[in-house]
Structures are given as C-alpha cells and as structure tokens.
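Dear colleague,

I am passing on the structure we discussed, so that you can open it alongside these notes. Please look it over first and then read on.

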Amino acid sequence: MFWFALAFCAGAATVHMLPALPPLAWLLPIALAALLVRRRRPPMAAFCLGMVWTTLLVATQVADSWPCGRDREEITLTGVVTAPATRRDGRTDFDLDVAESPAQGPLPDRVRLSWYEPTATPEPGQRWRVSARLRCPRGLANPGGADRELDLLRQRIGATGQVVTHAPVELLRDESSRHPIERLRARIAADIAAALPAGPSVSVLQGLAVGVRGNISTALWDAFAATGIAHLMAISGLHVTGCALFVLLLLRGLWRLPWLGRVPARTAIEVTVVVCATAGYALLAGASLPALRTLAMVGIVALQRLLRRTLPVHQTLALAALLMVGSDPLGLTSAGFWLSFVATAALLTIIEGGTGWRARIVAFTRAQAAITVLLMPVLAVAFGRLSLIAPLINAMAIPVFSFMLLPAELLATLLDGLAPGVAAPIWIALATSLDGVWPRLVAIAQWPLSTWAPAAQSGLLVAGAGLAAFAALLVPFRGLRAAAGAMLIAIAAGAVVRPPQDDWILTVIDTGQGLAVVVETQRHVLVFDTGPRWRSGGTAASVSLSPYLRWRGIRRIDRLMISHADLDHAGGAELLQREFEVVRTFTSDPAQYPAPASACRRGDRWRWDGVEFRVLHPPEGALGSDNNRSCVLSIRGIGGSALLLADPESEAEQALLAAPLAADVVLLPHHGSNTSSTPELVAAVAARLGIASAGFGNRWGMPAAEVVARWRAAGTTVLQTAETGAVRVHFVARSQAMEVVTERGDSRHWWRVPEVG
C-alpha cells in the first residue's frame with residue numbers, strides 16, 4: 001500500500017510539474033501501460049494511473065474557465081449562492097453556482113462576484129439574478145509571488161467578476177434546503193457578529209468556529225504568519241482532532257452512567273458517532289483541505305479499530321494521502337497539504353510514550369523541534385519567510401488553545417447550531433479574553449528578528465533537505481543528520497548570486513495597473529515605484545513586489561524612488577517602509593509623502609558598482625500636474641542602458657528632449673497611454689526594448705494600440721506585463737548584451753494563461 005500510494009501521488013505531482021497538460025490522446029497508451037505492468041510492477045502502474053487520473057480531472061476544471069478573449073464581458077446570470085458571503089468595507093463577495101444565462105457560449109459552473117455598495121447580503125441557498133462583468137481567472141505573474149490562477153482553480157472558480165448596479169439585482173427565491181450546511185455556517189457567523197462589538201475577535205472567532213475567514217484583516221494574518229500560529233487561526237487538523245477527542249471523551253463519560261453501562265457494540269457506536277460528528281464539523285468548517293485530511297486520518301484509524309487491526313504510521317499516512325490526492329489531485333499544489341502531512345508525520349515519528357511530567361515536557365519539546373525543522377523547507381517555498389519565534393510562541397499558544405480555547409469554541413459552535421443566540425455568553429467571554437492578545441501579537445510580529453526571509457533556492461535542494469531531515473528522524477545516523485543539517489542551513493541562509501561588478505539587473509514587476517521596478521547592482525538595490533493600492537485597501541506590493549524582494553534575498557533597499565504621489569505608483573510605499581530597511585527615499589513632491597523624503601531633481605547623479613544613475617526630471621521649481629512632475633531616471637552601464645519613465649505626458653516629454661534620452665530599454669510612459677509617447681520622444685529614445693506596465697484587460701485600454709505601433713515602427717520590441725508577467729533584463733558587461741526573461745514565457749505551468757505572442 002505504501003509504495004502504491006507514493007507512486008500514485010508521484011504520478012499526480014509529475015503532471016503538476018509539466019508546462020502543458022498531456023494531450024488526451026496520450027492517456028490511453030499510458031492507461032494501457034498501467035494495465036500491462038499492474039502485476040509485475042504495481043508502483044509503475046500506480047504512477048501511470050496517477051498521471052491519467054490527474055490529467056482527466058484537471059483538464060475538466062481548466063475547460064470550465066471563462067476565456068480571456070471574453071474578459072470584461074457583461075452578462076446576466078441566474079444562480080444559487082453556495083457559501084457564506086464575505087463582507088468588507090463597502091463590498092460583499094460571494095460565490096454563485098451558475099444555473100442559466102441568456103449569454104451565448106459555455107459558462108463556468110461557479111463564479112466569484114464582488115458587489116460594491118450592496119443593498120442586501122446573499123445567503124447560501126438563495127437564487128439570484130444579477131448582471132456581472134466577468135473576468136477570466138488571471139492573476140499577477142511574478143517570481144516568488146502568489147499564484148492566483150492556481151488558487152482559483154483549486155477552489156473551482158471559473159471566473160471572477162463585479163456586479164453591475166445599472167441593471168436590477170434580484171433575489172428570485174430562497175432554496176435553503178439545497179445548501180443546509182452552508183446556510184448554518186452563515187447563520188452561526190452572523191450570530192457571532194451579533195453577539196460581539198466590532199473588532200478583530202469577531203472575524204477570528206468566525207474563522208475558528210465555521211471557517212469564515214475572509215474578514216480577518218491583512219495585518220492580523222501577517223502577525224499570525226510572523227509568529228507561526230497561522231495554523232491555529234484557520235480550522236486545521238488540530239481543530240478536527242480536538243473535535244474527535246471531545247466527542248470520544250463525551251461518549252466515554254456516558255458509558256459510566258448505570259443505564260448505559262451494558263449497551264452492546266459500544267466500539268461500533270463509538271466509531272460511528274466519532275466519525276459522523278467529526279465529518280459534520282469538518283463540513284461545518286468549510287471542508288478545508290487540512291480538515292479533510294484529518295477527517296481521512298480519523299476515518300482510517302476508526303476503521304482499523306472497528307476491524308481490530310493496526311497499520312504502521314507510514315501506511316496510515318500513505319492511505320490518507322491516496323484518498324486525498326485521488327479525490328482532489330490539485331491538493332498536492334497546496335501548501336496546506338504539505339504543512340499538515342509533514343506536521344503529522346513529525347508528531348507520529350518523534351513522540352514516544354512516557355510517564356511523568358518531565359517525560360511529557362521532553363516529548364512536547366522534541367515534537368516542537370521536529371515540526372520546526374521539517375516545516376522549514378515547506379515554509380521557505382510556500383511563504384518565502386521563516387518565523388524565528390514560532391517555536392517559543394507555539395509552546396505557549398498550543399496548550400492554551402488545545403485545553404481552553406478549542407473546547408470552549410467547539411461547545412459554543414454546538415450550542416449555536418442547536419439554538420441561535422444561546423452561546424452568546426461564551427462568545428463574549430472568548431472575545432474578552434482575546435481582545436488583549438491581538439495588539440501584543442502584532443507588536444511581537446514587528447520585532448526586527450521575528451522572521452527571516454531566505455532567498456529562493458533550487459527545488460532539488462529544498463526537496464532533498466526535506467527528505468533528508470525526515471529520514472534523519474527515522475534513522476539516527478550521524479552522516480545523514482549532518483547532510484540534512486547542511487542542506488537546511490543552506491535553505492535558511494538563503495544566499496543568491498548577485499550581479500558581478502559592472503553588471504546590473506532591471507526587473508519590471510507585474511503589479512497590474514501600476515508600476516514597480518527593482519534595480520540590482522553588485523552591492524546595492526533601488527526600487528522605482530511600488531505599484532497600486534486597490535479599492536479594497538490592499539496593495540499589489542504585498543503579493544508581487546515584496547515577495548519578489550524576499551525571493552531575491554533582498555532585505556535592504558538603498559534608494560526608494562517614488563516617481564509621484566498617484567496611488568498606482570505609491571500605493572505600496574508604506575508596506576515597503578515597514579517590511580524592509582529603506583536607507584533613503586526620494587519623490588517628486590516630498591510634501592505629499594507621509595514619511596521623510598528628499599526631492600528627486602534634474603542633475604542628481606550617483607554611481608554604484610560601475611553603473612551610473614542620473615535623474616533627468618523634474619527640474620527645480622517644476623510646475624504642472626503630478627504626472628508631468630514625476631521623476632525620470634536614466635541608468636547606464638557597460639552592458640546597456642535603461643530609461644525609467646513613470647507618467648510624463650506630452651508636455652513633460654517636450655521638456656525631456658533636451659536631455660540625452662537614448663536607451664536600450666525604456667518603460668513606456670504612462671503605461672502606454674495615448675497622451676504620452678510622442679513621436680519626438682520615441683525617436684529620441686530609439687530603444688531596442690520597450691516595457692508597458694499595465695493591468696490585464698484594464699478599462700483604459702492601456703497600452704493604446706497606436707502607441708505600441710508607434711514604438712514598434714521605430715524598431716522597438718514592446719513587451720506588456722499584462723501578457724508576459726514580470727520582465728527581467730540582465731545587462732551583462734562582459735558581453736555587452738541583454739538577457740531578457742519573462743515570467744510567463746520562461747516559468748511555464750499548465751494552469752497559467754500563457755504569454756501572448
């Protein structure tokens with residue numbers, strides 16, 4: 001069983017590593033090969049079966065996605081709400097299972113809609129008719145950044161969109177019987193909100209009780225991640241295991257009653273009740289992957305008890321993995337899958353029986369150390385940073401959570417499920433005890449040494465380190481432990497190769513409709529603009545620029561240059577100031593910048609590691625709009641030159657013509673707007689490569705087709721971050737050449753919309 005499960009999961013993982021899905025015509029020969037070798041080579045047959053099964057399932061999901069060729073198309077949808085809505089400031093997000101639409105062509109089965117300034121809250125089971133502007137499931141593409149396209153695919157979301165309010169939004173009827181569990185989740189979440197004053201404890205308790213976590217603030221999630229307790233704040237294996245133990249202890253207490261002491265088949269009753277109660281709680285919690293993984297483990301252990309058989313630990317884990325990957329092959333791409341399995345494996349491997357409080361303390365300490373070591377490679381890949389204080393915080397938090405908070409939360413959830421409002425006193429008591437925790441937690445998370453962001457390492461090193469560390473726990477061999485320790489140190493140190501003297505790297509980050517650029521020399525880093533701040537209050541920097549800097553192992557920014565105060569350029573500045581050491585900040589108008597900053601002025605220049613930087617605009621005392629006063633930076637080295645333009649329009653471009661503008665690479669001004677890129681500027685720059693930083697399907701139509709044509713007519717190759725993702729240009733001094741890498745073109749995955757062109 002172990003090798004069969006391992007081979008099946010390996011076949012599924014192989015599909016996820018491919019740049020494109022295997023053609024369906026190839027599946028029949030692979031299936032036949034599995035059939036031929038099933039007796040002589042069962043693992044090989046399982047590997048082929050894993051590939052075939054995964055390809056079939058994910059191909060169906062990909063086919064359900066809204067095509068990008070119809071992006072922003074407005075259509076009318078009729079469907080049923082499938083989960084509790086998430087309420088944010090001025091907006092409500094909800095998932096809709098599409099039933100019908102007058103629109104032509106196939107429709108996705110499920111869409112996620114945002115309703116701004118809503119007049120009602122859609123509840124699970126309600127049938128609504130809405131008009132929505134649909135977006136294809138496309139996200140930002142950056143090294144080290146989150147993969148939104150994969151995340152939406154895992155959640156079976158075929159399209160996102162925005163409800164348009166110029167058409168009626170109608171509640172047709174209530175079909176609560178279709179989604180009773182989701183309706184109950186929404187009702188319990190609403191009861192918690194009604195019982196408590198507004199504050200972070202409301203959203204945390206909603207997440208702990210019924211898995212409604214969308215209202216937890218970004219700042220609080222960052223604090224959870226930095227302190228290493230995020231696994232406690234989302235319903236995970238610990239919650240489900242606690243629920244199973246709670247029910248088991250309750251049954252054991254009932255057997256002590258005189259009239260129940262002689263009940264026959266008590267083992268069968270215990271197994272049935274525990275599994276049913278645990279399954280009910282996992283569903284009530286939103287059926288998250290860690291919860292379902294633990295449910296599978298509980299079911300396997302219960303079945304073994306019923307059959308009076310015992311499987312070794314590795315066999316139990318393998319069977320659980322087979323069930324989870326077989327039902328959802330995309331689970332292998334989730335960090336939660338690996339975190340839960342690695343943590344469970346570490347606990348089962350390291351904890352040994354013992355008596356007395358000293359033995360229990362030693363076992364708990366060893367378990368914490370094992371989990372910390374084994375999770376290091378997973379956390380480094382999944383989140384780009386390691387919590388240095390996680391062992392200490394978890395040592396204090398886990399006992400409190402396990403023996404105080406979790407039982408009270410389970411009891412309150414049960415009571416609220418049976419009778420609305422009955423559990424209000426428990427929710428109030430829990431919130432009162434938690435309200436004082438959050439400010440302290442945020443303060444601890446902001447300690448300078450609370451986290452460490454190692455630079456990205458090769459996949460082979462990370463996988464090898466994880467396997468070696470786990471093997472070292474099983475086999476106490478000094479050589480193996482030394483090798484595992486060396487590889488883990490290499491991951492934690494996170495060193496990357498910096499450009500040599502006279503070389504430099506220019507990276508235009510995919511931030512959507514905005515601009516963020518990172519310039520690296522041998523010993524220095526400059527960031528030019530920080531991307532947009534969105535209507536929701538979030539920033540593109542948190543999911544694109546900041547992860548990229550951590551991916552590169554950058555912890556110090558020598559110069560942060562904010563071209564001007566527009567939110568699509570300065571939206572992530574506050575985040576960068578908080579997360580990184582910023583030595584000096586420059587901007588066109590320091591009076592509009594909230595932190596201390598110097599003015600960027602024409603004539604400013606400096607030299608780093610053989611590369612010259614020169615500010616070309618604005619001049620002292622410049623007048624006009626923010627766009628026309630935005631900073632312009634020229635960078636020149638032996639390997640090539642670049643001209644960084646933000647939002648200058650035709651008036652500012654005329655003033656720039658007096659400066660030496662010729663460059664190998666240019667950022668198209670104002671994201672390629674037709675108010676910029678005058679013929680005179682295009683001719684003066686004469687760039688070999690132009691990069692337009694604009695959002696996919698943006699409503700302004702940037703970059704304008706005529707502007708792109710103008711640059712191309714002048715001999716400039718134009719790349720658009722909306723199509724290519726992040727663009728990285730390495731200027732090599734030795735060969736005096738440019739090496740251009742695009743994220744979508746060079747880091748291909750089958751689930752990611754490919755580069756255009």
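Below is what was found in the structure, beginning with the aromatic rings and ending with two helix pairs.

Please keep in mind throughout that this is a predicted model.

Aromatic rings

A search of the whole structure finds nine aromatic pairs. One of them joins Phe224 and Trp438, whose rings are edge-to-face, with 5.8 Å from centre to centre and 70° between the planes. Because Phe224 belongs to helix H7 (residues 218–227) and Trp438 to helix H17 (residues 437–445), this pair ties together parts that are 214 residues apart in sequence. Both Phe224 and Trp438 are buried, and ring pairs link these two residues with Trp221 into a cluster.

Another of the pairs is formed by Trp750 and Trp751, which also meet edge-to-face, at 5.3 Å centre to centre and with 85° between the planes. Trp750 has a relative accessible area of 8% and Trp751 one of 13%; since buried means under 20%, each of the two counts as buried.

Charges over rings

Two arginines are placed over aromatic rings. The charged end of Arg138 sits over the ring of Phe696, at 4.5 Å from the ring centre, while Arg559 lies over the face of Trp606, 3.9 Å from the centre of that ring.

Helix packing

Helix H2 (residues 24–36) packs against helix H3 (residues 42–63) at an angle of about 155°, and their axes are 8 Å apart. Angles over 145° count as roughly antiparallel, and H2 and H3 are therefore described in that way. Their crossing is left-handed. On the H2 side the contact involves Leu24, Leu27, Ile30, Ala31 and Ala34, which meet residues of H3 including Cys48, Leu49, Val52 and Leu56.

Further along, helix H15 (residues 390–418) and helix H16 (residues 424–435) pack at about 150°, with 9 Å between their axes, and that angle makes H15 roughly antiparallel to H16. H15 passes H16 in a left-handed crossing. From H16, the residues Ile426, Trp427, Leu430 and Leu434 take part in the contact, and they meet residues of H15, among them Leu405, Ala408, Glu409, Leu411 and Asp416.

With best regards

Terms used. Residues numbered from 1 in each chain as written. Predicted model: local features only at pLDDT ≥ 70, side-chain atom pairs only at ≥ 80, totals over all residues. Heavy atoms only, no water. Phe/Tyr/Trp six-rings, centres within 6.5 Å; stacked < 30°, edge-to-face > 60°. Helix = DSSP H or I, 4+ residues; strand = E, 2+ residues; numbered from the N terminus. Buried < 20%, exposed > 50% of the residue type's maximum accessible area, 1.4 Å probe, protein only. Lys NZ or Arg CZ within 6 Å of the ring centre and 35° of its normal. Axes fitted to C-alpha atoms, helices over the stretch in contact; angles between N-to-C directions. Parallel < 35°, antiparallel > 145°, perpendicular 65-115°, else oblique. Left-handed = near helix turned anticlockwise from the far one by under 90°. Contact = heavy atoms within 4.5 Å.
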